[in-house]
Each structure stands twice: as C-alpha cells, then as structure tokens.
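The following paragraphs lead the reader through one protein model, from a single strand outward to the whole chain. Please keep the sequence and the structure in view while reading.

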Amino acid sequence: MAYEADFAVTLRPDEVADIQNIARYWLWSGWRRRHWPADVIKPGLKLYGFDKQKRRLVALLQITKGGTFKYRSGAEFKRRVYKLTSWSPSEHDPHWKNILGSGKAERTGIALRWRLIRTVDEPLKGKFPQLGWLRLTELQPDRPSLDIGNLRPGRYKIEQSRIIRTTALVRYLKRLHNDRCQVCGDRLALLDGRGYSEGHHLRPLGLPHDGPDTPGNVLILCPNCHALFDFGAVKIRLTRLRKCSGHDVSRKYVRYHNDRIARPGAKANP
Ligand SMILES: [Zn+2]
C-alpha cells in the first residue's frame with residue numbers, strides 16, 4: 001500500500017466505533033520530555049487512525065486544529081488546549097494525572113482536532129512505539145527497526161538449540177576446574193558466588209558420533225566458548241588448553257574435534 005500520510009496514531013475504541021463523527025473528538029496529551037509527535041502536529045497534517053484491536057488502519061484523517069505547546073501547570077495546560085482546540089480538558093479524565101507529574105519543570109503538550117478524509121481498511125503489522133504514534137516511513141519491509149519491532153519475524157529469526165548434557169562425570173570435572181573455562185580462562189560467577197560452566201564432549205555423545213563419557217573426551221568451557229565448539233567455529237591446540245591435575249584431555253578426541261567437528265576456516269584457540 002502506498003501511504004498518503006507519514007504517520008499513524010492509535011484510536012480509542014469509541015473513536016473507532018464512531019469514525020464518521022471523528023470531528024467531534026479531540027486528542028490531548030502531555031509529557032515530561034518532548035516526544036517526537038510534537039514536531040509534526042499542526043493543522044493540515046494527514047495521518048492514519050489505527051484500530052488496535054483489529055490491527056488495521058481504519059481511517060485517513062486530517063488535523064483541523066491543534067499544535068504543540070509548553071506548560072508548567074494544569075491551569076496552563078487547560079489554557080493552551082483551549083486555545084488550540086476550543087475545548088477544555090476535564091480533570092476527571094483518567095488521563096489527567098499523567099499531564100501533571102511532579103515538580104514545576106517545563107513539560108510538552110499536544111492537542112488536536114481532526115476530520116475524516118475517508119475510511120480505509122488496511123492491515124498494519126508494525127508495532128507502535130510508546131505514545132501510540134508510528135512513523136509509517138519506518139515500515140520499510142526489509143529494514144528491522146528498534147522502534148517498531150520486527151515486521152517479518154520469520155525472516156530474521158534464527159532458532160537453534162544445543163543440547164547440554166550434564167553427566168555425573170561432567171559435574172565432577174566442573175568442580176575440579178572450579179567452573180573455569182579451559183579455553184579462555186573465564187569463570188562465570190553467579191550472584192551467590194557459585195560459578196557456571198558447561199561440559200563439552202569433544203566426540204559428541206549419541207549417534208552418529210557415539211562418543212564416550214570419559215574424562216579424556218570432556219572439556220569444561222564457559223558458555224561462549226561452548227557455543228563456538230558446538231558450532232565447529234574453533235579448533236583445539238591441546239598444548240594451549242588450561243590444565244588441571246586429575247583431568248587429562250585425550251589427544252585422540254582433540255583430533256576428532258579438529259577433523260570431524262570443526263569447520264573449514266575454524267581457527268585454533270590462541
Ligand atoms: Zn571460554
């Protein structure tokens with residue numbers, strides 16, 4: 001869809017239900033900081049109304065009155081809104097408490113009224129940032145944006161799972177190494193002082209490799225190094241592994257890893 005307006009704003013359910021009479025409604029808001037819709041709100045601006053429930057653009061609207069202003073008190077806010085929209089906000093509105101906040105710091109407000117150009121009916125997958133305003137120009141299909149979330153999750157999502165087996169032998173070796181990685185020397189410390197490490201079988205357990213659960217076939221690694229090993233991104237130089245008396249890594253399984261698991265281009269641990 002080629003958009004006729006650069007912005008969309010979420011509508012309240014009562015506005016969606018009464019979209020033909022949108023000219024009777026007004027929108028006001030106030031924030032401690034100056035948020036970006038404040039830069040664009042002025043009479044003549046076109047924008048789409050968005051139905052949150054149906055996740056569709058339901059109307060092309062045009063601002064007839066309104067703008068942005070600074071205020072420091074509720075009275076000032078009311079005065080400015082009245083000047084812009086010929087309407088006075090009610091202190092009984094549940095939104096009112098957000099207008100004031102605490103302190104006398106300068107705040108930014110917006111107020112507007114609008115008219116219906118025409119209703120539309122277009123799905124919109126973008127996620128609205130805070131405040132319910134969205135720049136439609138950010139809906140470039142191939143560009144994920146932090147503001148709007150990921151428009152096509154299926155295209156970007158990479159899911160992989162690694163099975164981490166913790167055998168009694170691995171638990172024993174982790175204790176022996178005090179959870180220190182045999183490759184990079186890091187020890188991941190948890191809040192309570194305990195360490196965290198993972199056991200890696202150089203020749204993987206289970207088919208098709210059918211490696212043994214013996215000390216010579218196990219490395220104790222930090223999670224980062226473990227992922228590199230699982231994905232074959234590193235080779236091993238046995239002499240550079242951190243050693244611990246009571247745990248000898250077998251040259252045979254190091255060779256198995258380097259020849260069968262490591263991928264072409266994988267570099268050896270420094
Ligand atoms: Zn490591």
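The structure is a predicted model. A suitable place to begin is strand 9, which spans residues 198-201. Its side chains alternate: Glu198 and His200 point one way, while Gly199 and His201 point the other way. Whichever way they point, all four of these residues are buried. Strand 9 pairs with strand 10, residues 218-221, in the antiparallel sense, and four bridges join the two. One residue of strand 9 already mentioned, His201, has Val218 of strand 10 as its bridge partner.

Attention may now turn to a helix. Helix 2 comprises twelve residues, 74-85. From its first C-alpha to its last it reaches 16 Å, close to the 16 Å expected at 1.5 Å a residue. Which residues of helix 2 are buried? They are Phe77, Lys78, Arg80, Val81 and Leu84. These residues lie on the same side of helix 2 because they cover an arc of only 170 degrees around the axis. The spacing follows a general rule: an α-helix has 3.6 residues a turn, so residues three or four places apart point the same way. On the other side of helix 2, Ala75 and Lys83 are exposed.

The buried residues of helix 2 have several packing partners: strand 2 (26-31), strand 4 (56-71), helix 3 (96-100) and strand 5 (107-123). Immediately after helix 2 comes Ser86, which has a positive phi, near 60 degrees.

The next topic is the nonpolar interior. The largest nonpolar core has 23 residues, and those touching the most other members are Ala8, Tyr48, Phe50, Leu61 and Ala111. At least two residues of this core come from each of strand 1 (7-10), strand 3 (46-51), strand 4, helix 2, strand 5 and strand 6 (133-135). Strand 5 provides the largest share, four residues. Phe50 illustrates the contacts involved: leaving aside residues up to four places away in sequence, Phe50 touches Ala8, Val9, Thr10, Leu11, Leu57 and Leu124. Another core, of 20 residues, lies apart from the largest one and includes Cys225, Leu228, Val254 and Ala262.

Finally, the protein may be viewed as a whole. It has seven helices and twelve strands. Of its 270 residues, 26% count as buried. Among contacts in the protein with a separation of 6 or more, 68% are between residues 24 or more positions apart.

Conventions
Residues are numbered from 1 along each chain as its sequence is written. This is a predicted model: local features need pLDDT of at least 70, side-chain atom pairs count only at pLDDT 80 or more; totals for chains, interfaces and linings use all residues. A residue is buried if 20 or more other C-beta atoms lie within 10 Å of its own, exposed if 12 or fewer, and partly exposed in between; C-beta atoms are placed from the backbone. Two strands pair if DSSP finds at least two bridges between them. The expected span of a helix is 1.5 Å times one less than its number of residues. The arc is that of the directions from the helix axis to the C-beta atoms. Two residues are in contact if their C-beta atoms, placed from the backbone, lie within 7 Å. A nonpolar core is a set of buried Ala, Val, Leu, Ile, Met, Phe, Trp, Tyr and Cys residues joined through C-beta atoms within 7 Å.
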